[in-house]
Amino acid sequence: MTPLSRRRFTLMALSAPFALLGADAARADLIETLLSRAHVPKYPDELWVLVDDREATLTVYRGNAQVERFAPISLGRGGARIQRTQGDNATPLGEFRVNRFNRQSDWHIFIGLDYPTPAHARLALEEGIYSQQDYDDYFDYYRRRGHPPQQTVLGGAIGIHGIGKGDPDIHRRFHWTQGCVAVTDAQIERLAALIDIGTRVVIR
């Protein structure tokens, strides 16, 4: 993966969420504020993905028009929440970008997301989950590598994947993942054919 330049990182990863930090939105409602706007396409024909926790659905949109809809899907055994920590099996809520594909995954295909995002890092600092050093280390890593660190207290390796060797019956009946979004193998193949690196994924 091509690393982000310092300029591009600053513009893409920092500007949008940090524009909100001047007011009360700097605290626990930062991601909620981002999510309240996330359902609006960035441009008329944007191809983007919406994962809805309450409906257990994954929908691909082109602008406001539905392209595909998968249901039921599975999320983390620990539920879905704005702030997750390593090992809690929760799916993070927020606005993400696809940043990798693994077609040799145990889960058939794994589509990685850029979790934890700068907004999640900021929230972790505000809530005392990150120390100031943790927060500074997060951005230092992100600037150097072009993607967020995966081994902090916030966890990592969050994405959308198939069932692979898992049990299809469990998939139909329960939320079973360690924090990822799971669809069937046929659905992940279809999704991987539609989206690309940089595709926006909203989990709400």
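Which residue takes a positive phi in the hairpin of β1 and β2? In this predicted model, that residue is Ala56, with a phi near 55°, and the hairpin has 4 residues between its strands. The hairpin is a handy place to start, and the rest of the sheet can be picked up from there.

Strand β1 covers residues 47-52 and β2 covers residues 57-62; they run antiparallel and are joined by 6 bridges. Two of the facing pairs can be picked out by eye: Asp52 sits opposite Thr57 of β2, and Val51 sits opposite Leu58 of that strand. On to the other partner of β1, strand β10 (residues 200-203), which runs parallel to β1 and is linked to it by 4 bridges. Here Val49 of β1 faces Val201 of β10. As a rule, strands of a sheet pair through backbone hydrogen bonds, and the pairing can be parallel or antiparallel.

Zooming out, these strands belong to an open sheet of 8 strands with mixed pairing, and the order across it reads β3-β2-β1-β10-β6-β7-β8-β9. At the edges are β3 (65-70) and β9 (181-182), each of which pairs on one side only.

What about the surroundings of β1? Since 6 of its 6 residues are buried, β1 is largely enclosed by the rest of the structure. Its side chains split into two sets: Leu47, Val49 and Val51 point one way, while Trp48, Leu50 and Asp52 point the other way, and all of them are buried.

Helix α6, made of residues 185-194, has buried residues of its own, namely Gln187, Ile188, Leu191 and Ala192. These four lie on the same side of α6, because the arc they cover around the axis is only 135°. Several strands help to cover them, including β1, β2, β3, β6 (94-105), β7 and β8. Turn to the face of α6 directed away from that buried side, and the exposed residues Ala186 and Ala193 come into view.

One of the α6 residues just named, Ile188, also turns up in the contacts of His161. His161 is part of strand β8 (residues 159-161) and counts as buried because its relative accessibility is 3%, where the cut-off is under 20%. Leaving aside residues up to four places away in sequence, His161 also touches Trp107, Ile109 and Phe110, and then a further set made up of Trp176, Thr177, Cys180, Val181, Ala182 and Val183.

A second histidine, His171, lies in helix α5 (residues 168-173). His171 is buried too, with a relative accessible area of 3%. With residues up to four places away in sequence again set aside, His171 touches Pro72, Ile73, Ser74, Ile163, Trp176, Ala182, Val183 and Thr184. Trp176, Ala182 and Val183 therefore appear in the contacts of both His161 and His171.

Finally, is Tyr115 buried or exposed? At 0% relative accessibility, Tyr115 counts as buried, even though it is found in a loop, the one between β7 (108-113) and α3 (118-126). Not counting residues up to four places away in sequence, the contacts of Tyr115 include Gln83, Arg84, Pro92, Phe96 and His120, along with Pro148, Gln150, Leu154, Gly155, Gly156 and Ile158. The C-alpha atom of Tyr115 is separated by 9.1 Å from that of Gly94, which is 21 residues apart from Tyr115 along the chain.

Notes. Residues are numbered from 1 along each chain as its sequence is written. This is a predicted model: local features need pLDDT of at least 70, side-chain atom pairs count only at pLDDT 80 or more; totals for chains, interfaces and linings use all residues. Side-chain values use heavy atoms; hydrogens and water are left out. Two strands pair if DSSP finds at least two bridges between them. Buried means under 20% relative accessible area, exposed over 50%, partly exposed in between (1.4 Å probe, protein chains only). Contact means heavy atoms within 4.5 Å. The arc is that of the directions from the helix axis to the C-beta atoms.
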